Amino acid sequence: MRTVVPVIIAFLSGFIMIVAFFFNPDKTILGKIESEVLVWVTIVGGFTLLLGVVSITRVNWQAVKTKKKGWIYNFLTLLSIFVMAIPAMLPSSWSPFFGDSSGSVYDWLFNYIDAPMMGTMFAMLAFYIASAAFRAFRARNAEATLLLLTAVLVMLWRIPMGEAFLRLFSDSLPQMINNYVMNGVNLAVQRGILIGAALGAASMSLRIMLGIERTYMGKG
Amino acid sequence: MSIWDKILQLDRRWIYLMVALAVIFPLIVPMTFKIYITPEVRQLYNAIDSLPDSSVVMLTFDYYPSTLAETEPMSVAALNQLFQKNCKVLTLTTVPLGGPSIAERVTRKIAKKYHKVYGVDYVNLGYKANYVAVLKGMGTSIEAIYPTDNSGTPLSKLPMMKHIKNYNDIKFIFVVSDNGIVDYWISIVNAQYGIPVGSGVTAVMAPKFYSYIGSKQMTGLLGGMKGAAEYEILVKERGMAVKGMTMQSLVHLLIIGLVILGNVAFFASRRNHKKGEHF
């Protein structure tokens, strides 16, 4: 029962979505079922977010309660979740600090703490990339040399100073990089990856629908 | 230890200092370089420019605050062009962390500049979980997926939404994103409903989407800050992306210089060691 029911639900959901694509959603029952299923999916999606919050609270609360090593960070995680979420959930008619509109606690925390912190983390990548490029990017063989030269050309092409430098050799050099590197070799490789990934996704979907793939139920 | 060995063992903190200086220097000494427009950016600009007046355009804010430096200038420039053309703008996000707030803040700021009225000229739908279902569901009914806007007002009470039922009423979709959602806008919305989709993405993501440009599934592409800067120039609203180009240029040149230096030092050091072995 615990296996058969999820497999039937997965099969029917997938089957409806595939077949309904060929029917008018306004005029056929199948189309209407599809629209209804899609609304259900967004509702279920909302509950999965709630499940995430419950899960993260349980794990971190356990660590705080047992004073596990580094428990202060677990406490900060909990504090961050609730300080940000609770005022945002309360109606703004009660206080201008509630809700998520401009001037609320949520908005302030987001604009002045969350966004700058995330921006800082991302910006630090520039330092690590520069250091890693210096240490690891070596022309040890033909393939690595080709990769290195292409990378240097593309990096030059993507900046105004570099483009001005490339134009010293030929006015058409930046256009050639666009045509032959980005819209040539890169395009072909990316398309191959995309088609491969799409075929993989299609076959995985089919395996789930037919009940062959059951890892989503915690089974091998 | 030779000079080359010393260079190879350069303390990473010197590299960090050089990167910091490359970022700070243009703030002290302003420099400007001509920015050339790439065909992908021009294609996106032209696609919007050729829309009839008052067309409905969907603009997405599918990015996290971490990539604001690259993506926000794209959203700002897009809103400038859309409001200059008197388009009706429908914004939404598939990113829960910050997406709705960013959309609200950026859209209201630019709308104010053009005296646009919320609910009449633009609407912010906000965020809904499970983006695949959201994208697919809006093909049938936007109101079924988003019964209210971001601030909880029913869509039926917003004048602009009276004539917007589903994708059939939308002329163009402009996706600004820092994640894989762009693939779904192409595979679900463009492929299944035939709505033209243009996108602005981070520089690391951009190479992937050239294949969609090639197959004409994507109408124009802004790649990273450079793409945003080109777009700002076309829209004639120079902003943060154009300003950021000098810093990005210097950091790129520094990285190229470090790669060259690292390789020269590596091969020179290896040659010296080989010579040493012979003696």
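Leaving aside its neighbours within four places in sequence, which residues is B:Thr71 in contact with? The answer is B:Tyr63, B:Val176, B:Ser177 and B:Thr202. Before going further, keep in mind that this is a predicted model. Below is a quick tour of a few spots in chain B, one helix of chain A, and the contact between the two chains.

**B:Thr71 and its helix**
- You'll find B:Thr71 in helix H4 of chain B, which covers residues 68-84.
- B:Thr71 has a relative accessible area of 0%, so it counts as buried.

**B:Lys88 and its surroundings**
- B:Lys88 sits in strand S2 of chain B, made up of residues 88-93.
- Is B:Lys88 buried or exposed? Neither, quite: its relative accessibility is 22%, and because buried means under 20% and exposed means over 50%, B:Lys88 counts as partly exposed.
- Setting aside neighbours within four places in sequence, B:Lys88 is in contact with B:Ser54, B:Ser55, B:Val56, B:Val57, B:Val120, B:Asp121 and B:Met160.
- Take B:Val57 from that list: B:Lys88 and B:Val57 are 31 residues apart in sequence, yet their C-alpha atoms are 6.1 Å apart in space.
- As for B:Val120, its backbone oxygen is reached by the side chain of B:Lys88 at 3.3 Å.

**Strands S2 and S3 of chain B**
- S2(B) pairs with S3(B) in the parallel sense, over 4 bridges.
- Within this pairing, B:Thr91 stands opposite B:Asn124 in S3(B).
- Put S2(B) together with helix H5 of chain B (residues 99-113) and S3(B), and you get a right-handed β-α-β unit.
- Strand S3 of chain B (residues 122-127) has 5 of its 6 residues buried, so the rest of the structure largely encloses it.

**Helix H1 of chain A**
- Helix H1 of chain A takes in residues 4-20, and at 1.5 Å a residue its 17 residues should span 24 Å.
- The C-alpha atoms at the ends of H1(A) are 24 Å apart, which agrees with that expected span.
- The buried residues in H1(A) are A:Val7, A:Ala10, A:Gly14, A:Ile16 and A:Ala20.
- What do the buried residues of H1(A) pack against? They pack against helix H2 (29-65) and helix H7 (173-209) of chain A.

**Where chains A and B meet**
- Chain B brings 68 residues to the contact, and chain A brings 55 residues.
- About 5,400 Å² is buried between chain B and chain A, with carbon and sulfur atoms giving 69% of that area.
- On the chain B side, B:Tyr16, B:Tyr36 and B:Tyr210 supply 10% of the area that chain B buries against chain A, more than any other three residues.

Note on methods: Residues numbered from 1 in each chain as written. Chains lettered and ligands numbered in written order. Predicted model: local features only at pLDDT ≥ 70, side-chain atom pairs only at ≥ 80, totals over all residues. Heavy atoms only, no water. Buried < 20%, exposed > 50% of the residue type's maximum accessible area, 1.4 Å probe, protein only. Contact = heavy atoms within 4.5 Å. Polar contact = N/O pair within 3.5 Å; in protein donor to acceptor, adjacent residues only side chain to side chain. Expected span 1.5 Å × (residues − 1). Pairing = 2+ DSSP bridges. Right-handed = clockwise from strand over helix to strand, strands pointing away. Buried area = accessible area lost by both parts, 1.4 Å probe.
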